Amino acid sequence: MFQWQDEKVLVTGGAGQIGANLVRRLNGLGADVTVADNLWRGKRSNLIVDGSPLIDFDTRFHELDLIDYQNCLRVVQGQSTVYHLADVVAGINYVFGNQLSLFATNVVMNSNILRAAIAAGVKRYVYVGTACSYPAEKQSQLNPPPFKEEDAYPASPESSYGWSKLMGEYECQLAQRENLIDVGVLRFHNVYGPCCEMSPEKSQVIPALIRKACNYPNEPFVVWGSGRQRRAFVFVEDVVDALVSVVERGMNQGVIQIGPDRSESIADVAATIVALTKKNIVIEFDTSKPEGDTDRTADWSKAKRILDWSPRTDIRSGLTITMQWCRDRIPTA
Ligand SMILES: NC(=O)c1ccc[n+]([C@@H]2O[C@H](COP(=O)([O-])OP(=O)(O)OC[C@H]3O[C@@H](n4cnc5c(N)ncnc54)[C@H](O)[C@@H]3O)[C@@H](O)[C@H]2O)c1
């Protein structure tokens, strides 16, 4: 059994949604956790729980840009395990409005941190990919068969974000094949939960809809697109289960996909959020806005076999927890 006690672990992007929840779990396991984040979307407050910091901000927090190789070298020194979660990730508007800069930033950052980890003799490296990397045409209709990991190829993701994350997976696989470092690669579907970004500029669909519902009627409750587009949402605690498990038993086993085998329509998610607010909200659909891929789900049999992973949290329970977290942080809620 893997021993987490005093394990030196770096979490890049550790002030973000998935990272902060992972830091909290690793703390509970006794690991010695360091965070590197430039706070582009993450927040220090995500690393403070009930008034107590999860890490010592003076010695275990690096606020710096990981696009710089020297910064990467600095933060990986002395670490045994690196979880690389930092990347530019945001809502559909940001992703499609900044395709070139987002691609370049992610590809350079992913390459730099991996090369730095190898140079510093880090033992274990965990990288996370995205379901946005699956080919656009395979997710262009309702009810496609659940994806298997190999369905990502031949590659033709819809966005540069999907391409950049796929390149990161590929580079990790090359490093592992050359026996330079042990690598674990998870590919997540749509993650939601506490520590999410809620701003209009950078939020993803669930926190954006929760913000609009909390602010209603001062902010209209507008759903982007028809609402018929569907996503396989996975709660952040379930994702953290997989991140812990991949180090314990999933290294050097190729890409492992994490997500449920059923999807939810955005219209249904919006209706659940509205119901949770107990407000009388008029839901509007703006079909002039982008809605992205039509539908996708995960065949999670590889995750079950290797990680003993399964999706534990149903969407209503996950939304209830997320709503409560967001409400506590929206001044007008
Ligand atoms: N949220 C999802 O639905 C989802 C789905 C699939 C994969 N992922 C991947 O999971 C990882 C974490 O995502 P998240 O949802 O927690 O997003 P997030 O934005 O909350 O976390 C990413 C963190 O990286 C930091 N960051 C960005 N650019 C940086 C830079 N140049 N230097 C240092 N830090 C930088 C951000 O400030 C942020 O805290 C990302 O790699 C993302 O691609 C997320």
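A residue counts as exposed here if 12 or fewer other C-beta atoms lie within 10 Å of its own, and as buried if 20 or more do. The views below show a predicted model.

**View 1. Asp50 has a positive phi in a loop between two strands.** The loop that holds Asp50 runs between strand 3 (48–49) and strand 4 (52–53). Most residues other than glycine have a negative phi. Asp50 is not a glycine, yet its phi is near 50 degrees. Because Asp50 has 4 C-beta neighbours inside 10 Å, it counts as exposed.

**View 2. Asn143 also has a positive phi.** The phi of Asn143 is about 60 degrees, although Asn143 is not a glycine. Asn143 is found in the loop between strand 7 and helix 5. Asn143 has 9 other C-beta atoms within 10 Å, so it is exposed.

**View 3. Two peptide bonds that lead into prolines are cis.** Most peptide bonds are trans. The bond from Tyr153 to Pro154 is cis, with omega near -5 degrees. Pro154 is placed in the loop between strand 7 and helix 5. The bond that joins Tyr216 and Pro217 is cis too, and its omega is about 10 degrees. Pro217 lies in the loop between helix 6 (205–215) and strand 10 (222–224).

**View 4. Seven strands form an open sheet with parallel pairing.** The order of the strands is 5-2-1-6-7-8-13. Strand 5 (61–62) and strand 13 (255–258) are the edge strands, and each pairs on one side only. Strand 8 (residues 182–188) runs parallel to strand 13, and four bridges join the two. In this pair, the bridge partner of Phe188 is Ile258 in strand 13. Helix 4 (residues 99–119) packs on the sheet and touches strand 1 (8–12), strand 6 (81–84) and strand 7. The direction of helix 4 makes about 175 degrees with that of strand 6. Helix 5 (residues 160–177) lies across strand 7, strand 8 and strand 13, and it runs at about 150 degrees to strand 7.

**View 5. Strand 6 is covered on both faces.** In a regular strand the side chains alternate between the two faces of the sheet. On one side of strand 6 are Thr81 and Tyr83, on the other are Val82 and His84, and all are buried. Strand 1 and strand 6 run parallel and are joined by four bridges. Leu10 stands opposite Val82 of strand 6. Strand 6 pairs with strand 7 in the parallel sense, again over four bridges. Here His84 stands opposite Tyr127 of strand 7.

**View 6. Helix 6 is mostly covered.** Of the 11 residues in helix 6, 10 are buried. Among them are Val205, Ile206, Leu209 and Ile210, and also the charged residues Arg211 and Lys212. The buried residues of helix 6 pack against strand 9, strand 10, helix 8 (266–277) and helix 10 (315–327).

**View 7. The ligand is surrounded by 28 residues.** The closest are Gly13, Gly16, Ile18, Gly42 and Phe188. Helix 1 (17–29), strand 7 (124–130) and strand 9 (190–192) are the elements that give two or more residues to the shell around the ligand. Helix 1 gives the most, with three residues. By class, the shell has 14 nonpolar, eight polar and six charged residues.

Note on methods: Residues are numbered from 1 along each chain as its sequence is written. This is a predicted model: local features need pLDDT of at least 70, side-chain atom pairs count only at pLDDT 80 or more; totals for chains, interfaces and linings use all residues. A residue is near a molecule or strand if its C-beta atom, placed from the backbone, lies within 6 Å of it. Two strands pair if DSSP finds at least two bridges between them. Two residues are in contact if their C-beta atoms, placed from the backbone, lie within 7 Å. Axes are lines fitted to C-alpha atoms, for helices over the stretch in contact, and angles run from 0 to 180 degrees between N-to-C directions.
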